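Okay, thanks for squeezing me in. I'll put the structure up and then talk through it.

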Amino acid sequence: MSAAPPSDIVTGAINRGFAARASARLGGGVLRLVLIVVALLWLLPTFGLLVESLRDPAQFANGGWWNAISHPAQLTTGNYTALLKNHAITGSFFNTIKITVPATVAVVLIGSAAGYAFAWLEFPGRDWLFLLIVAMLVIPIQIAFVPVVKLFGSAGLTGSILSVILFHVAFGLPFAIFLLRNFFAGIPRDLLEAARMDGAREGRIFFRIVLPLGLPAIASLGIFQFLWVWNDLLVALIFQPKSEPLTFALASQTRQFGSSIDVLAPGAFLSLIVPLAVFLGFQRFFVQGVMAGSVK
Amino acid sequence: MATMALSHVGKVYEDGTRAVTDLSLDIVDGEFLVFVGPSGCGKTTALRMVAGLETISEGEVRIGSRLVNDVPPRDRDVAMVFQSYALYPHLSVRDNIGFGLQLRKMAKVERSNRVEAAAQVLGLTEYLDRKPRNLSGGQRQRVAMGRAIVRQPQAFLMDEPLSNLDAKLRVQMRAEIGRLQRDLAVTTIYVTHDQTEAMTLGHRVAVMKKGVLQQVAPPQELYDSPVNLFVAGFIGSPAMNLLSGTLRRDESNDYSVDLGAQTLDLPAALLRRRPELARFVDQPIFVGIRPEDIDDVALDGPIPGRTLVGCAELVEPLGSDLVVHLGVDLPGAWNNDDLDELARDTEATISRLPSQGRTAVVARFSPRSAVAVGDLVTMALDTERLHFFEPSTGLSVGAL
């Protein structure tokens, strides 16, 4: 008879020795433990921030946030109440939304339309143009600041929210087009041809077939773009919009009052909540096998 | 419903590759025409040109009386069934079938009626609200059919619609497609590499090789009178046996053909049907015989001048008959484009090419035959049904 180890016909699992099984189980356990520790370390600052944001400012001098765990009496919602009454902060929160939402929506819409064109439409110079756009990925934004500030100045956009949005859209697009073009190119050609035979024009194909099938990529792109714009401080500092975004407002808190933790901590937590909600909201679009059942 | 006409249609790709050459065909209203040929023979390209998915480099395509060369697919009023089915994965079966109607802005009630009627015909009623991923292969194939029939188009174009199904389902769906086409009487072009599909479905079958139409004829005619070696070898399974011989005529004007050391007498009736054979006296010629026109002499008794001796190398009992592979001593160094193409297409054909002075012959014996591997077998050939081909051109000698 052969020397191959007997295998379980139903599960296909090979009957290994006790030592091998034990080490496999132990290995799995160790891995899980490491992952849990990493996750906790990662979450610790956020948790600290949350606790700090809930502490009475009078207690800050008495030690770090961990003291609040043993003395829950230190916790209060007072900081948040004060924050919501602070119009500088709440106003900047809405300014951030005013910047982030259009900058994300525009990048997703323009990026997917361009991605579809680069993936599926025939036009002269298509591949060279795409190469050019991919090349733009390597241009650091710092290089563009001076010329763009001049450009916005001559266009009368200085200090407007629009200037910040335009900059974010321009620098978000190369990656968006690159990502979506490659994803759309993976849609089976037969599917688009079937739609064409069914009577669809390019516009219909884009909205009815390509966009729904591209949702996983579009959702990822949307989350990335949203996070980049939401968390941006640099672009806001350069273009100095009169309606300043939250990052700007929070940063100026540190400058003016040294460590005004009672404003910073809840403010930072506020700025963290929205992207988290966006991420969780978009998560449902990350479905595996969108193409299942389509071809073959 | 419409007639379709292809006249001198050709396709040359941008890189200079030629896929279809001078294809002319008239398809009558309600006809089921099958394109068949080995992979890369241009049959799918021809179909895609009719669909409008491929530009037409040369010639004209007409649907009805309308020239459609520059008409986009959506305005040609033809429906296509893809090899991959190409179902919209994010839409339910109902929406997949109704997509084309929706694009044509058909009223919701009528659309829903048409979709349900199509689903009824195809047995999909209970699956209408499922997504394609939750369907079996056969059901997906039906949805693809449903998408085509619901539009009531001028013509159906089908690109190997059964090739992704398993053997049993393929037979079942083949019958279903045949029935549907009969009931709807819609002009249909069907592309396949499977000759069984071609023979069973087609009113006429068009055999293509390297972009060139070889022969278009009803299935039986294609089988009985192939115009050249390629068609002869491609249609029929097991394929026609091809032997290289020399034609002889004796003093009394009787014809025979020398096959190595063996000789077959040709009946007068055959010569009356193929008078051109006279041109080939004392010249090499390819002799073709279908496996079913060969039987075991032990069952019928010897008939002088109609027998061939070979050694049984493989016996395949199929129940209904016995497929016997024999080696006949017959040297032959053939060099023919058609045979090369056939050899490339099917492994089966390769074994049929002569090697080491032996030619493989496949015979379909009656199951009562007691032939065993290694036996020296005397075969009785139905010499009335011999085919002859000119070695240089591969063309059939004398039409039947």
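I'll go through chain A, one helix pair in it, the contact between the chains, and then a helix pair in chain B.

Before anything else, keep in mind that this is a predicted model.

So, chain A. What is chain A built from, helices or strands? Helices: there are 13 of them, and 0 strands. Read from the N terminus, you just get α after α until the chain runs out. As for its overall dimensions, the C-alpha atoms take up a box of roughly 75 × 65 × 35 Å along the principal axes. The radius of gyration is 26 Å, whereas a compact globule of 296 residues would come out near 19 Å. Buried residues account for 32% of the 296 in this chain. And if you take the contacts in chain A between residues at least 6 apart in sequence, 73% of those link residues at least 24 apart.

Now let me zoom in on one pair, helix 4 and helix 10 of chain A. Helix 4 covers residues 87–120 and helix 10 covers 215–231. Their axes come within 9 Å and cross at roughly 145 degrees, and the crossing is right-handed. On the helix 4 side, the residues that meet helix 10 include A:Thr96, A:Ile99, A:Ala103, A:Val107 and A:Gly111. Facing them from helix 10 you have, among others, A:Ile218, A:Leu221, A:Gly222, A:Phe226 and A:Trp230. By class, that contact has 9 nonpolar and 7 polar residues, and no charged ones.

Next, the contact between the chains. Chain B puts in 24 residues and chain A puts in 22. On the chain B side, the elements giving two or more residues are strand 6, at 78–81, and helix 2, at 93–103. Which of the elements gives the most? That's helix 2 of chain B, with 3 residues. The chain B side as a whole splits into 15 nonpolar, 4 polar and 5 charged residues.

Let's stay with helix 2 of chain B, since I also want to show its packing inside the chain. Its axis and that of helix 4 of chain B, residues 137–149, come within 7 Å and cross at roughly 30 degrees, so these two helices are roughly parallel. This crossing is right-handed. From helix 2 of chain B the contact uses B:Val93, B:Asn96, B:Ile97, B:Phe99 and B:Gly100, and from helix 4 of chain B it uses B:Val143, B:Gly146 and B:Arg147. By class, those are 4 nonpolar, 3 polar and 1 charged.

That's it from me, happy to rotate the view.

Notes. Residues numbered from 1 in each chain as written. Chains lettered and ligands numbered in written order. Predicted model: local features only at pLDDT ≥ 70, side-chain atom pairs only at ≥ 80, totals over all residues. Axes fitted to C-alpha atoms, helices over the stretch in contact; angles between N-to-C directions. Helix = DSSP H or I, 4+ residues; strand = E, 2+ residues; numbered from the N terminus. Left-handed = near helix turned anticlockwise from the far one by under 90°. Contact = placed C-beta atoms within 7 Å. Nonpolar A, V, L, I, M, F, W, Y, C, P; charged D, E, K, R; others polar. Rg over C-alpha atoms; globule rule 2.2 N^0.38 Å. Buried ≥ 20, exposed ≤ 12 C-beta atoms within 10 Å, placed from the backbone. Parallel < 35°, antiparallel > 145°, perpendicular 65-115°, else oblique.
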